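Please report on the salt bridges, the cysteines and one helix of this structure. Keep it brief.

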Amino acid sequence: MKPTVSMIIPAYNEEDHLKITWEKTSAVLAKETADYEIIIVNDGSIDQTAKIADNLALQDRHTRVIHNAGNKGFGFTCREGIKAACMTFTGWISADTAWDPAVLKKVMGMLGQFGL
């Protein structure tokens with residue numbers, strides 16, 4: 001059985017990158033997991049990040065958004081996402097598009113070996 005995954009995307013002023021990161025993440029998870037959720041945690045962004053995140057959640061049932069009041073920092077933002085996560089495995093992806101989707105696919109393959 002394939003694992004279920006909660007993927008957190010912490011985001012602070014990522015209007016130029018958030019949608020791209022979400023698209024990459026969503027594409028890999030849709031192919032590699034039995035069920036998944038993407039939790040975008042907007043950390044009090046002052047650009048259009050909140051609006052973009054809300055629009056992504058409206059168009060995809062696998063996506064939720066948490067809005068922090070004010071910039072609380074990366075650690076706080078990740079913890080908020082972890083508290084909201086409800087799948088078997090939880091991870092996070094940086095919103096700045098610095099990651100390669102092949103890495104996530106490889107990790108997902110390794111998680112599938114657990115047979116959970």
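The report below covers salt bridges, then cysteines, then a helix. The model is predicted.

**Salt bridges**

A search of the whole structure finds two salt bridges. Glu37 pairs with Arg64, and their closest N and O atoms lie 2.7 Å apart. This pair links distant parts of the chain. Glu37 sits in strand β2 (residues 35-42), while Arg64 sits in strand β3 (residues 63-67). The two residues are 27 residues apart.

The other pair is Lys83 with Glu80, with 2.8 Å between the closest N and O atoms. Both residues belong to helix α3 (residues 74-84). They are three residues apart, about one turn of the helix.

How accessible are the partners? In the strand pair, Glu37 is buried at 6% relative accessible area. Its partner Arg64 is partly exposed, with 32%. In the helix pair, Lys83 is exposed, with a relative accessible area of 62%. Glu80 has 19% relative accessibility and counts as buried, because the cut-off for buried is under 20%.

The four partners are listed here.

| Residue | Relative accessible area | Class |
|---|---|---|
| Glu37 | 6% | buried |
| Arg64 | 32% | partly exposed |
| Lys83 | 62% | exposed |
| Glu80 | 19% | buried |

**Cysteines**

How many disulfides does the model hold? The count comes to zero. A disulfide is a covalent bond between the sulfur atoms of two cysteines. Here the distance rules it out. The sulfur of Cys78 has its closest cysteine sulfur in Cys86, 17 Å away, so the pair is too far apart for a bond. The search from the other end agrees: for Cys86, the closest cysteine sulfur is in Cys78, again at 17 Å. The cut-off is 2.5 Å between the sulfur atoms.

Are these two cysteines buried or exposed? Cys78 is buried, at 9% relative accessibility. Cys86 is exposed, at 55%.

**Helix α1**

Helix α1 covers residues 18-32, which makes 15 residues. From the first C-alpha to the last, α1 reaches 21 Å. That is close to the 21 Å expected at 1.5 Å a residue.

Which residues of α1 are buried? Leu18, Thr21, Trp22 and Thr25 are among them. Ser26, Val28, Leu29 and Glu32 are also buried.

Technical notes: Residues numbered from 1 in each chain as written. Predicted model: local features only at pLDDT ≥ 70, side-chain atom pairs only at ≥ 80, totals over all residues. Heavy atoms only, no water. Helix = DSSP H or I, 4+ residues; strand = E, 2+ residues; numbered from the N terminus. Expected span 1.5 Å × (residues − 1). Buried < 20%, exposed > 50% of the residue type's maximum accessible area, 1.4 Å probe, protein only. Salt bridge = Lys/Arg side-chain N within 4 Å of Asp/Glu carboxyl O.
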